[in-house]
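This report describes selected features of a protein structure for a reader who is new to the subject. Please keep the sequence and the model in view while reading.

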Amino acid sequence: MNYRMTGYLLGIIMLIEAALMILPLTVAIIYGESIFPFLITIAILLVISLPLAIFKPKNSRIFAKEGFVTVAAGWILLSAFGALPFVISEAIPNYIDAFFETVSGFTTTGASILTEIESLPKGILFWRSLTHWIGGMGVLVFILAILPSSGGQTIRLMRAEVPGPTKGKLVPKMKHTALILYGIYFVLTIIQIIALLLCRMPIYDAVVTSFATAGTGGFSVLNNSIAGYNNPAAEWVIAIFMFIFGVNFNLYFFILIGKIKDVIKSEEFRAYAMLCVTAVTVIAINTAYSFERLGDCIRASFFQVITIMSTTGFATVNYDNWPELSKAILVLLMIVGACAGSTAGGLKVSRILILFKSMIREIRHMLRPNSVNVIRLDGEPISDETSHSATSYLSIYVTLVALSALAISVDGFSLETNLTATLACINNIGPGLAAVGPAGNFSGYSYFSKIVLSLAMLIGRLEIMPMIILFSPMTWKKR
Amino acid sequence: MNIVVVGGGMVGATICSQLTLEGHNITLVDTDTSTLTEISNSYDVFGVSGNGADLAVLKKAGTEKADLLIAVTSSDEINILCCAAGKKLGVKNTIARVRNPEYTELMSFMRSELNLSLTINPELSVAKEIYRMLRFPSATKIDTFCRGRVEVAEFTVSEDSPLCGASLNDLRTRFNIRFLVCAVLRGGETYIPKGFFNIEAGDVICVTAPEEDITRFFKAAGVYKHPIKDVLIVGGNRITYYLEALLQKGKINSTVIEQDEQLCRELAEEYPCTVICNDGTNQDVLLEEGLAKTDAFLALSDTDEENAIISMYAKTQETNKIITLISAISYIDLFKSVGLESIVSPKFSTAAYILRYVRSMSNVRGAEIEALHKLMDGKVEVLEFRIKESIRDFTDIPLKEMKLRSGVLIACIVHKDKIIIPSGNDVISRGDTVLIVTTEAQIQEIGEILK
């Protein structure tokens with residue numbers, strides 16, 4: 001274990017957080033609010049990070065273990081310090097509540113313990129939404145994009161942070177790959193801000209809403225989420241962008257370099273779009289009785305489907321009151337999530353595709369035991385290793401959902417609440433059903449449950465392994 | 001530069017590591033996905049799986065927009081095919097590794113008809129390197145610059161050497177020979193020594209001198225060894241095959257010990273050397289073939305371990321000059337620490353060769369890199385630049401007024417056929433060739449040696 005290099009990278013992560021806090025600080029200055037919450041946090045971050053980050057260690061070799069540990073510890077530290085402004089400004093006086101809210105922000109979950117949002121300072125709310133934007137693409141990818149490229153082993157950091165069953169680079173250099181990803185992310189966010197401004201949304205709201213959409217987070221600055229704007233045009237814009245941010249970013253790169261064919265060929269993208277259209281159709285028919293106009297019905301169905309599928313978690317209607325069929329579809333979509341390599345959570349469509357195809361292969365194999373069957377994705381055969389890792393991922397995922405739902409059951413909420421709360425956290429969605437539905441929130445849970453759910457969010461965002469490795473005793477043994 | 005490397009074997013991996021260090025964009029093509037994963041885990045390269053001679057795979061690797069294609073798979077034919085295909089796709093420069101001696105005569109055909117920019121033959125270049133060492137047995141390693149007129153030699157200072165304890169200024173007045181100590185390796189650190197630097201026993205030093213003076217320097221420094229007349233070689237593979245051709249030309253007698261009958265036959269058919277079909281790791285066999293009396297002993301078998309052990313045995317027999325072939329680059333330091341000084345490695349020389357080509361490709365402004373050699377296990381680089389035009393703050397001013405970066409030294413100037421070991425008053429002018437020695441920076445162009 002290269003402690004010195006891990007420490008150095010963690011120092012850089014905290015330094016970046018301190019730098020990013022200058023943005024909400026500026027917002028606080030513009031709106032004439034107290035800047036002390038941010039100043040104090042920046043000071044604390046600098047004091048801790050500078051000694052670590054100032055000298056680059058001589059031995060900068062890192063292996064898979066260091067990569068996982070750095071990513072996992074980095075995300076915990078980010079959330080731990082990111083929570084300070086909420087506590088210092090007394091927006092969320094209790095530290096554990098603030099930690100839950102920050103984890104929910106960085107992991108782009110969007111689950112909130114706040115009941116009254118609108119009265120909070122604008123700077124604090126800006127930070128709350130900015131955490132979504134940072135967490136969406138990932139902090140370490142950001143570091144890779146800005147730091148001078150140092151050796152090839154940095155790919156281990158990206159591997160541990162970027163979601164999806166298969167992960168690779170777009171171009172030979174890690175740094176350039178990270179820059180391209182952040183570039184696409186940044187440009188798409190700007191386009192959404194402009195689109196929302198054209199829908200006559202106030203600039204502050206347009207910016208924070210775009211942050212939350214881009215990271216597929218779901219924090220809103222209104223108590224009633226997006227419904228509070230009562231702006232159908234903006235709802236369409238947000239829904240379409242939620243769809244866009246749920247697509248694998250590699251596809252945008254292919255469009256940029258003119259390889260449109262590869263985009264159409266992408267099985268994952270087609271499955272994602274098909275699932276979305278099917279779910280919208282069924283739910284629209286199922287809920288048609290509650291709408292007066294067809295347009296409203298389609299808009300509401302599309303918005304709710306894509307908010308769940310892209311694991312964002314905005315809401316325009318309280319789907320908790322919808323028929324059971326629609327709710328069941330939404331719960332299933334919660335588990336599926338969006339495409340790998342996007343900012344969304346969940347199991348990822350490509351993993352579902354692999355699992356589904358392995359299932360078919362298994363059946364074939366049962367029927368004709370000597371047949372050799374190959375699983376293909378995008379027309380190319382995938383290795384057994386990839387399909388095995390997808391199945392083992394599913395089994396760990398199910399185990400964790402079960403354990404976490406069991407743990408939070410001590411608070412006495414209904415089974416539906418506990419199960420969907422766990423799913424909403426581990427898949428980084430935000431709202432679940434019943435007590436944690438779009439109209440409710442997580443404030444009712446005990447501190448113990450909030451910590452469990454915070455961990456679930458981090459586990460879900462980093463795709464399980466980094467967190468487990470950080471807390472596994474095997475990692476910390478001498479050999 | 002965008003570079004596509006085909007083949008992720010030992011040479012491919014070494015090239016990837018060196019070229020990524022120099023900041024190039026590398027795409028690696030290999031049929032084995034686990035090799036790709038392994039290499040892309042350690043170096044910043046982009047992996048594409050597939051056969052490098054397949055057009056679709058080459059396209060996927062971005063060959064159309066690449067500046068250079070390097071084919072170093074284990075198969076000569078694939079390498080040649082791959083470069084031909086790459087050329088068709090529009091890559092500007094192609095390098096193929098071609099090792100089969102039977103194809104040697106095809107080289108010029110391949111260069112003209114298939115437009116190969118460069119063919120490399122690691123075994124041939126190692127054979128050449130060994131031959132150079134044999135010509136100057138006094139040094140552990142020797143490189144030639146300026147069309148053979150300037151030598152840079154590396155050797156270890158022993159305790160009884162007259163160099164011990166003397167400062168460089170003393171030596172210069174005492175010896176009255178044109179030479180320059182351009183780098184010193186002491187305790188794992190490399191230094192560019194100043195005039196008052198004292199040499200100690202155990203230092204490894206690099207000396208630049210004109211070709212006609214280097215032997216005089218070796219004599220004065222007390223490290224002179226008599227020219228080699230006969231050698232004992234263990235291992236009869238390709239390197240030996242190429243080396244024999246050079247040895248015959250240089251009229252050096254040789255005895256080759258090789259266990260494989262087929263290889264023995266091939267060698268005996270081709271060259272008039274003595275070929276012994278026996279086990280070269282057997283001490284009795286070695287002694288019988290005159291290990292103790294031979295001028296030089298070369299351990300060139302296919303296994304590193306065997307080479308290392310028989311070389312250590314030769315050392316106990318006080319053999320004059322021992323050259324060891326080691327393929328695994330990472331263990332070279334270890335072998336040096338047990339006293340095996342002259343180590344050659346095909347991978348290392350191939351990588352250095354390609355590196356030199358890549359550097360000279362990427363640099364044009366004002367000066368061209370004519371040659372690049374790595375000394376002291378790659379810790380020191382010696383570059384030969386030809387100054388094509390005047391450069392500000394560099395040409396036409398005395399060296400003492402030049403603001404050089406630390407870790408950089410101008411070791412030699414060739415001005416109109418005159419070799420100058422420079423002092424503070426010398427001047428570099430247009431058309432000169434200069435030797436630059438550097439310990440830290442990777443110099444891409446001549447301007448970088450200035451502050």
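## Loops, surface patches and cysteines

In chain B, B:Asn176 sits in the loop that links helix 7 (168–175) to strand 9 (180–186). The model is a predicted one. The backbone of B:Asn176 has a positive phi of about 55°, although the residue is not a glycine. Most residues other than glycine have a negative phi. B:Asn176 counts as exposed because its relative accessibility is 63%, and exposed means over 50%.

A second case is found in another loop of chain B. B:Arg147 lies between strand 7 (141–145) and strand 8 (150–156). B:Arg147 is not a glycine, yet its phi is positive, at about 50°. With a relative accessibility of 79%, B:Arg147 is exposed.

The surface also carries patches. Which residues gather in a patch of negative charge on the surface? They are B:Glu102, B:Asp260, B:Glu261 and B:Glu266. B:Glu102 belongs to the loop between strand 5 (93–97) and helix 5 (107–113) of chain B, and its relative accessible area of 67% makes it exposed.

Chain A contributes a nonpolar patch on the surface. This patch is formed by A:Phe36, A:Leu39, A:Ile40, A:Ile44, A:Val47, A:Ile48 and A:Ile88, which together have about 580 Å² of accessible area. Helix 3 (residues 36–53) of chain A supplies the largest share of the nonpolar patch, namely six residues. One residue of helix 3 is A:Ile40. A:Ile40 counts as partly exposed because its relative accessibility of 38% falls between the limits of 20% and 50%.

The cysteines complete the account. How many disulfides does a search of the whole structure find? The search finds zero over all chains. A:Cys297 is in no disulfide, and the nearest cysteine sulfur, that of A:Cys276, is 14 Å away. B:Cys182 is likewise in no disulfide: the nearest cysteine sulfur belongs to B:Cys206 and is 5.0 Å away. A disulfide requires two cysteine sulfur atoms within 2.5 Å, so a separation of 5.0 Å does not qualify for B:Cys182. A:Cys297 is buried, with a relative accessible area of 4%, and B:Cys182 is buried as well, with a value of 1%.

The table lists the accessibility of several residues discussed above.

| Residue | Relative accessible area | Class |
|---|---|---|
| B:Arg147 | 79% | exposed |
| B:Glu102 | 67% | exposed |
| B:Asn176 | 63% | exposed |
| A:Ile40 | 38% | partly exposed |
| A:Cys297 | 4% | buried |
| B:Cys182 | 1% | buried |

Terms used: Residues numbered from 1 in each chain as written. Chains lettered and ligands numbered in written order. Predicted model: local features only at pLDDT ≥ 70, side-chain atom pairs only at ≥ 80, totals over all residues. Heavy atoms only, no water. Patch = residues over 30% accessible without salt bridge, like charges linked within 9 Å, V, L, I, M, F, W, Y side chains within 5 Å. Areas by Shrake-Rupley, 256 points an atom, 1.4 Å probe, with all protein chains shown as cover. Salt bridge = Lys/Arg side-chain N within 4 Å of Asp/Glu carboxyl O. Lys, Arg positive; Asp, Glu negative; His and termini not counted. Charge placed at Lys NZ, Arg CZ, Asp CG, Glu CD. Helix = DSSP H or I, 4+ residues; strand = E, 2+ residues; numbered from the N terminus. Buried < 20%, exposed > 50% of the residue type's maximum accessible area, 1.4 Å probe, protein only.
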